[in-house]
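Student: I have not seen this chain before. Could we go through it step by step?

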Amino acid sequence: MNATHPSSRRTAAARWCRARPTGSAALITAAGAWLIVLPFLGTPMALLQAGVAGSAGLGISAPLLACGLVLLRLPALHSVVGILATGLSIVALLTCNIGGLLIGTACGILGGCLAFSWKPPADTPPRDRP
């Protein structure tokens, strides 16, 4: 059994997080989750009913959730995903209920702006030891 040292696992996890816009992905995913949950908190039958709140909640939140996952999987697409998430959040402001107006839109716009402005870490050459 090959056991790795806990500090090496922490170092590998920290390196993985630094190579991706994890903060903006978390904000965008939280915005999508909030927008999908809010219309369906009141009635469980809302999933089966056609309506503006249900369709806007699903139509905006599913792509926002996908944007958060794409940021974690493909960080090179950060600028495109940031613009898309910001645009979806602005549309949520217009179409979704109070979730789009308050928390969902704020998290989505902030996460999209952070994703757009994120820069990948520069590759540092290994230092020569004296």
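Tutor: Helices and strands here are DSSP runs, with at least four residues for a helix and at least two for a strand, numbered from the N terminus. Keep in mind that this is a predicted model.

Student: How many helices and strands are there in the chain?
Tutor: Read along the sequence, the pattern is α-α-α-α-α-α. The count for the chain is therefore six helices and zero strands.

Student: What share of the residues in the chain is buried?
Tutor: A residue counts as buried when its relative accessible area is under 20%. The chain has 130 residues, and the buried share of them is 30%.

Student: How much of the accessible surface belongs to carbon and sulfur atoms?
Tutor: The accessible surface of the chain comes to about 8,400 Å². The part that belongs to carbon and sulfur atoms is 70%.

Student: Of the contacts with a separation of 6 or more, what percentage is between residues 24 or more positions apart?
Tutor: A contact means heavy atoms within 4.5 Å. Among contacts in the chain with a separation of 6 or more, the residues 24 or more positions apart account for 72%.

Student: Now the helix pairs. Are α4 and α6 roughly parallel or roughly antiparallel?
Tutor: Two packed helices are described by the angle between their axes and the distance between the axes. For α4 (residues 78-95) and α6 (residues 103-117), the axes come within 7 Å and cross at roughly 160°. An angle over 145 degrees counts as roughly antiparallel. So α4 and α6 are roughly antiparallel.

Student: Is the crossing of α4 and α6 left-handed or right-handed, and which residues make the contact?
Tutor: The crossing of α4 and α6 is left-handed. On the α4 side, the contact is made by H78, S79, G82, I83, A85, T86, S89, I90, A92 and L93. On the α6 side, it is made by G104, T105, G108, I109, G112, C113, A115 and F116.

Student: How do the residues of that contact divide by class?
Tutor: Glycine is counted among the polar residues in this scheme. The contact of α4 with α6 then divides into nine nonpolar, nine polar and no charged residues.

Student: How is α2 placed against α6, roughly parallel or roughly antiparallel?
Tutor: The axes of α2 (residues 22-37) and α6 come within 8 Å and cross at roughly 155°. Because an angle over 145 degrees counts as roughly antiparallel, α2 and α6 are roughly antiparallel.

Student: Which residues of α2 and α6 meet, and what classes do they belong to?
Tutor: The crossing of α2 with α6 is left-handed. From α2, S24, L27, I28, A31, W34 and L35 meet I103, G104, C107, G108, L110, G111, G112, L114 and A115 of α6. By class, the contact holds ten nonpolar, five polar and no charged residues.

Student: L35 is on that list. How far is L35 from G104, C-alpha to C-alpha?
Tutor: L35 lies in helix α2, and at 2% relative accessibility it counts as buried. L35 and G104 are 69 residues apart along the chain, and their C-alpha atoms are separated by 5.8 Å.

Student: Is S61 buried or exposed, and what does S61 touch?
Tutor: S61 is in helix α3 (residues 52-73). Its relative accessible area is 0%, so S61 is buried. Leaving out residues up to four places away in sequence, S61 touches G32, L35, I36 and A56.

Student: Which residues is L71 in contact with, beyond its neighbours in sequence?
Tutor: L71 is also in helix α3, and it is buried at a relative accessible area of 0%. L71 and G82 are eleven residues apart in sequence and 8.8 Å apart in space, C-alpha to C-alpha. Setting aside neighbours within four places in sequence, L71 is in contact with R20, P21, S24, A25, I28, H78, V81 and A115.

Student: P21 appears there. Where is P21, and what does P21 touch?
Tutor: P21 is in the loop between α1 (6-18) and α2. P21 is buried, with a relative accessible area of 3%. Not counting residues up to four places away in sequence, P21 touches L71, P75 and W118.

Student: Is L94 buried or exposed?
Tutor: L94 lies in helix α4. Exposed means over 50% relative accessible area. The value for L94 is 71%, so L94 is exposed.

Notes:
Residues are numbered from 1 along each chain as its sequence is written. This is a predicted model: local features need pLDDT of at least 70, side-chain atom pairs count only at pLDDT 80 or more; totals for chains, interfaces and linings use all residues. Side-chain values use heavy atoms; hydrogens and water are left out. Axes are lines fitted to C-alpha atoms, for helices over the stretch in contact, and angles run from 0 to 180 degrees between N-to-C directions. Angles under 35 degrees count as roughly parallel, over 145 as roughly antiparallel, 65 to 115 as roughly perpendicular and the rest as oblique. A crossing is left-handed if the near helix is turned anticlockwise from the far one by less than a right angle, and right-handed if clockwise. Buried means under 20% relative accessible area, exposed over 50%, partly exposed in between (1.4 Å probe, protein chains only). Accessible areas come from the Shrake-Rupley method with a 1.4 Å probe; for residues, only the protein chains shown count as cover.
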